[in-house]
Amino acid sequence: MSETNMGRVPVGDPIPLRFDPTTKQRLEELAADIGPRRFGALVRVAARRLLADPDRVPEALDQSRRASADARRIPWAERPLDLDPATSTRLNELAQEFHTDRSAIVRVAVHRFLTGAGRFRHPVLREDARTDLTCRTRVYLNRSTLVRLEKLISRNGDALTSAAAIRVAVRRLLDDPGDLAADLATIGAARDLTPEVLGPRTNVHFDDDLRDQLDTLAGRLDSDRAELMRLAARQLLANPRDLDQAVTEEIYRGDANRDLLIARNTRRRQTADQATAAPPVRKAPSPQGSPFGKRHVFRFDEDTKRRLEELADEYGPRRMSALLRVGIRRLIENPAADEALAQARRVAAPPRTARVDVALDDELLAHLDALAERLGSNRQELVHLAATRILRFHHNIENRMLDEMFRAQNNRKHLLAKHARREWIRRMDRGSGT
């Protein structure tokens, strides 16, 4: 199919990509807001925006790597180290000379010892037998370094101690500091890192030109496609501007389809704006207590979902949707919703992998979308915020829960009496009698 033909244009062979679960989920939610099966096109848009300004990629990649390392670094292992007074004094003087701490110098010394140990058995045995070690200090080393040190000194079955080996390494460094400044900047600051948590593989179609540009940039920066695409995805999520039109152009390259989709998108936006600007229309209550509308899927972390289920069960079976609708309405009515959202964003959120289906009517959706547009957010983030707030502030919501579950007055009166009986039985079971 040619560039001028109407319809879908193939975009090339698939390449495998892996994202962390949070980034993957946010990309899927963003793609679902644009239309069905838009994930691949969204990822290609992210790649094109990254390649559009290659001069800024090196700095952004360095920042991303540092942030990833800071998030995954493993705490130091603390070890006591007994030294003789002369060695302790020389170590302190060297730390002051290079404006660092003793632990960094010890880390460099142990690294040099491990990479070029040479003949160490007899020096370590003599060090282990010393009795003039009166100055105790505490040093902080990587756990992997200690494991390598233990393997080295015990490889011949000798009962050597790691503390004696560390003292031998420190004395060797004091006798020959070498290029200590360079080693402190690299070896002394190196940290053990936990493996990066990435989700399952996702295949995304890339044409030859886009793939070649990614490979060229990756080769220049000593990186690879996957790392650059994770950076591109994070940048896209941080600034999701004009995505609808960009994704549309990525999917449909023919002029007829482009005009059709842009017109459809314009109508959808106008309909949403009219629904937001129109005064709320209250639906007539159904005497049978009809459902709220179509179900929508939202994602929560496992702990939040479990707490929501426990709270909903207090009002009866299958009350999760009603509880979340109460939370959403309270969030919409909250004049300080922007402050609550900003505070929630500052808290590190666990992975949201648990699915919850919530029935929402068109009126509530329109108000929720209007709030999301005002706060620069989306439905998923606001519903999660509403859930966390209803878990914290759920006192005196019995009447609102009943309003959400049953709108007809006869059902309301019946359920009020039923709820009162259930509360009396629950209190009697607890032995309160009140």
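In which loop is the place of aspartate 242? In this predicted model, aspartate 242 sits in the loop between helix 11 and helix 12, and the residue has a positive phi of about 50 degrees although it is not a glycine. Most residues other than glycine have a negative phi. Aspartate 242 counts as exposed, because its relative accessibility is 62% and exposed means over 50%. A second residue can be described in similar terms: histidine 99, in the loop between helix 4 (85–97) and helix 5 (102–115), has a positive phi near 55 degrees and is likewise a residue other than glycine. Histidine 99 counts as exposed because its relative accessibility is 75%.

With these two loops located, the chain as a whole can be considered. The chain is made of 434 residues, of which 41% count as buried, and its secondary structure comprises 20 helices and 6 strands. Among the contacts in the chain with a separation of 6 or more, 85% are between residues 24 or more positions apart.

The interior of the chain comes next. In soluble globular proteins, nonpolar side chains tend to be buried together. Here the largest nonpolar core has 38 residues, and those with the most contacts inside it are Leu17, Leu27, Leu42, Phe206, Leu228 and Met229. At least two residues of this core come from each of strand 1 (13–17), helix 1, helix 2 (39–51), helix 3, strand 4 (202–206), helix 10 (208–220), helix 11 and helix 12 (243–251), while helix 2 gives the most, with 9 residues. Leucine 42 gives a closer view of this core: leaving aside its neighbours within four places in sequence, leucine 42 is in contact with Leu27, Leu30, Ala31, Ile34, Leu236, Leu243 and Val247. Apart from the largest core lies another core, of 36 residues, which includes Val356, Val358, Leu371 and Leu382.

Phenylalanine 206, named above among the residues with the most contacts inside the largest core, lies in strand 4 and counts as buried because its relative accessibility is 0%. Although phenylalanine 206 and proline 14 are 192 residues apart along the chain, their C-alpha atoms are separated by 6.1 Å. Leucine 198, in the loop between helix 9 (180–186) and strand 4, offers another pairing across the sequence, since the C-alpha atoms of leucine 198 and leucine 17 are 9.8 Å apart in space, with their positions 181 residues apart in sequence. Leaving aside its neighbours within four places in sequence, leucine 198 is in contact with Arg18, Phe19, Asp20 and Arg230.

Asp20 also leads to an open space in the structure. Rolling a probe the size of a water molecule over the atoms shows where empty space is left. The second largest pocket holds about 640 Å³ of space, and of the 18 residues that line this pocket, the closest to its centre are Asp20, Thr22, Thr23, Ala71 and Arg234. Helix 1 (21–34), helix 3 (57–72) and helix 11 (225–238) are the elements that give two or more residues to the lining, and helix 3 gives the most, with 5 residues. The lining of the second largest pocket divides into 8 nonpolar, 5 polar and 5 charged residues.

Elsewhere in the chain, aspartate 128 lies in helix 6 (residues 121–128) and counts as partly exposed because its relative accessibility is 32%. The C-alpha atoms of aspartate 128 and alanine 164 are separated by 5.2 Å, although the two residues are 36 residues apart along the chain.

The last stop is helix 16 (residues 337–346), where Ala337, Ala340 and Leu341 are buried. Seen down the axis of helix 16, these buried residues fall within an arc of 100 degrees, so they line one face of the helix. An α-helix has 3.6 residues a turn, so residues three or four places apart point the same way. On the other side of helix 16, Glu339 and Arg346 are exposed. The buried residues of helix 16 are covered by elements including helix 15 (320–333), helix 17 (362–375) and helix 18 (379–392).

Terms used:
Residues are numbered from 1 along each chain as its sequence is written. This is a predicted model: local features need pLDDT of at least 70, side-chain atom pairs count only at pLDDT 80 or more; totals for chains, interfaces and linings use all residues. Side-chain values use heavy atoms; hydrogens and water are left out. On a 1 Å grid over the protein atoms alone, a cavity is a set of points where a 1.4 Å probe fits but cannot get out, and a pocket is an open set with protein on both sides within 12 Å along at least five of seven lines; lining residues have an atom within 4 Å of a point. Grid points are joined across faces, edges and corners, and a volume is the space filled by probe spheres set on the points. Helices (H or I, at least four residues) and strands (E, at least two) are DSSP runs, numbered from the N terminus. Ala, Val, Leu, Ile, Met, Phe, Trp, Tyr, Cys and Pro count as nonpolar, Asp, Glu, Lys and Arg as charged, and the others, Gly among them, as polar. A nonpolar core is a set of buried Ala, Val, Leu, Ile, Met, Phe, Trp, Tyr and Cys residues joined through side-chain atoms within 4.5 Å. Buried means under 20% relative accessible area, exposed over 50%, partly exposed in between (1.4 Å probe, protein chains only). Contact means heavy atoms within 4.5 Å. The arc is that of the directions from the helix axis to the C-beta atoms.
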